[in-house]
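User: Please take a close look at one loop residue, and then connect that part to the strands, domains and partner chain around it.

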Amino acid sequence: MKQMTEAQLSVLEQDLNAIRDEVIADLGERDANYIRRVVRLHRALEVGGRVMMPFGFIPPVFVAATVALGISKIIENMEIGHNVMHGQYDWMNDPSLHSQSYEWDTACDSDSWRLTHNYEHHTYTNIIGKDRDYGYALLRLSDDEKWRPAHSLQFVNYVLLSVFFQWGVALHEMEFERVRRGEVTLREKLPFLKGFLRKGGRQAFKDYAFFPLLTFPVAPIVLAGNLGANLIRNLWSSTVIFCGHFTQDAETFSEEECEGESKGHWYLRQLTGSSNFSGNKFVHLLSGHLSYQMEHHVFPDLPAHRYPEISEKVQAVCKKHGIHYNTGSFAKQYGTVLKRIVSYSLPDRVRQRIAPQMA
Amino acid sequence: MLSRIERSSALQWLGKQLFNREDPAAFFDPLLERINPMWVQQYTPARVERIVDETADTKTFVLKPAKRWAGFEAGQHVNICVDIDGVRRNRTFSLSSAPAQWQDNGIVTLTIKRLPGGRVTNWMHDNLEAGDTLGLGEAFGEFLVPEISEPLLYIAGGSGITPVLSQLETLAAADYQAPVTLLYFVRTQADIIGAEKLYSLRQNWPALTLNVLATNESEQPRFLRESDLEEVSEITARRCYLCGPKGLMDLAGDLLDRQGIAQDRRHSTFFAAAKAALDTDSLGGAVHFSRSDLNVSSEGDAVLLDIAEAAKLSPRYGCRMGICHQCSCKKTSGTVVNRLTGKSSGPGEENIQLCISVPQGPVTVEL
């Protein structure tokens, strides 16, 4: 990681706090209108998708219904659920948009998400051994982890994780790797498993039993459409999230260098450990503005639609402090993610020969 | 139709599974609100029918609640919610109309005075218009008319008259026979709230003795005196109802003590001028954790998370630095100061982050 003195870190902290304070002071009707408009769009897409789905025996209707439902799930998970649960709209004091009571439309139980994502991932971002989001205890993405022969097949694991992403996220708190190592017992995981079954069961019931059976004669069509919508959401959200921390220039950290760190150091770690990608308004909406992952990690509880507005200021701060502002086109950033997954699946010696920049 | 979902437990269960929320009917609100704001399910909407000026700084808001609203008893209050600059604000006001009117034509009224620095009262005066909707909670409160006929004494001050108006109208409609006296303190005769109603009651209801006293029209402020009570016939037999500013309530309490009126024959109700948030060093205060029914006091800039933990509670928390919102929790009343920004919150119900909220005076938290 870029080395900065405590004095420099303190200036960085002040610079970023100033950006944050300016937005906080300006929060108001515009932000409330934005999120309510997005919620309305989500409701319209979900209602539209579900109403159209039984008529999916007409092929174009099937495509429209599946895409509408898929996009509705994407918007609900990325721009509404993820952001609401970060507390971005708690100041609105609207019980429907409250971080601690919001439950989203995916298999992962919101309480589990708030613990593993909001607290663990956002506090210990990219600290190997503490941030379990780094590779999801499934993929080897840096040489902090020793290569094992099993890693050579990790691209297959990556594809499977993407396809079943909502279930991967839902089981994240299970910590299979720690259970296997005997660090936690299954009994300790029982409360989590109960929550997982309740929420996962609810989602499976809704999409794979209730709505298909409700329209019995066309049940297979509705089931297929719902599976398709979930698949669209899984692939997209997995891809967006992988672009957030696993691009070529996103850094990792050790526990030692982060022990007792200052807020300034935390800011620096968020900036250097995250990466953005560019795109149009629609791409930003569908990514829940995680296309501004750096801004999101520095200010996780500012309304996400503000990230594009403050991006220039964050870039200016980065420039001032000599911090790399990691962005690029979606294709370029995602390309480096794929390269990272593939190259770290290789033994170190082979990797250094084929992809020296990943060394 | 949607509100019925809430009533059937099977549908309620199904709704939770399908929409991932405890109030499934509210899932469609963003769409329904566009069609008709009175169809919103998250709260009970009430349409502003008209707004009547009472005095220079007091208005009566005539409201028509959605049909599912459960009604009220004379003297009760309600929580209302309005969105101001994107923030939902909750406040409590007394209903000033009689329940009979609501049963008749579905109308209730709130009579609200502008409070200096009050965010909600001023906003309502300046922005609310006929045709707008606001959220209405169910009525609550123990300030109720007596069950049997007996002599009554009302002591009201300023806008503290609002629940009294509702009660007097109800008593008059029931042709209440026992003597009823109202001592109503106002700053000047121009500040009488509900003047028309009061004068018409006096005219048509012989049991009522109305005594309006202006405190600020003489050189010496004219407050409640012992002689005011002595002039009330059979004062010792009266059941007493008090509603007004703290000074009047304290004074009346002392004087009623001297008359030997038992505590269980006195009723007083909610009346608190929301204090404008002050940027002082007066941090700390009595903290009430309502779910655990625990009262503790705090001093200085201790944050609520530390206070709760010191009281052996274990609220959920994460970063303890205001980032992750794991410790977000509902504050039902009181003011807190954000340790990071130094800003004070409003006095009403809202969500706060325990790890960065310092009490400023008494605070109640749902924990």
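Analyst: B:D293 is exposed, because only 7 other C-beta atoms lie within 10 Å of its own (a residue is exposed at 12 or fewer such neighbours, buried at 20 or more and partly exposed in between, with C-beta atoms placed from the backbone). This is a predicted model, in which local features need pLDDT of at least 70 and side-chain atom pairs count only at pLDDT 80 or more, whereas totals for chains, interfaces and linings use all residues. Residues are numbered from 1 along each chain as its sequence is written, while chains are lettered from A and ligands numbered from 1 in the order in which they are written.

B:D293 sits in the loop between β12 (284-289) and β13 (294-299) of chain B, where helices (H or I, at least four residues) and strands (E, at least two) are DSSP runs numbered from the N terminus. Its phi is near 50°, a positive value in a residue other than glycine. B:E234 also has a positive phi, near 45°, and is likewise not a glycine; this residue belongs to the loop between α8 (226-230) and β10 (239-243) of chain B, and it counts as exposed because it has 11 C-beta neighbours inside 10 Å.

A contrasting part of chain B is strand β7 (residues 152-157), which is largely enclosed by the rest of the structure, because 6 of its 6 residues are buried. In a regular strand the side chains alternate between the two faces of the sheet. Here B:L152, B:Y154 and B:A156 point one way from β7(B), B:L153, B:I155 and B:G157 point the other way, and all are buried. β7(B) runs parallel to strand β8 (residues 180-186) of chain B, to which 6 bridges join it (two strands pair if DSSP finds at least two bridges between them), and B:G157 has B:F185 as its bridge partner in β8(B).

At the level of domains, whose bounds come from an automatic or database domain assignment, chain B is divided into domain 1 (1-42), domain 2 (44-276) and domain 3 (284-365). Domain 1 and domain 2 of chain B have C-alpha centres 35 Å apart, and 4 residues of domain 1 of chain B are in contact with 5 residues of domain 2 of chain B, contact meaning that the C-beta atoms of two residues, placed from the backbone, lie within 7 Å.

The partner, chain A, has 16 helices and 0 strands. Its radius of gyration, taken over C-alpha atoms, is 21 Å, close to the 21 Å that the globule rule gives for 359 residues, so chain A is as compact as a globular protein of that length (the rule being 2.2 Å times the number of residues to the power 0.38). Of these 359 residues, 45% count as buried. Helix α15(A) contributes A:Q333, A:T336, A:V337, A:R340, A:I341 and A:S343 as buried residues, and these pack against α5 (154-163), α9 (219-245) and α16 (348-354) of chain A.

Between the chains, 36 residues of chain A are in contact with 24 residues of chain B. On the chain A side, α2 (29-52), α4 (110-123) and α8 (190-214) each supply at least two residues, and the largest share, 8 residues, comes from α2(A).
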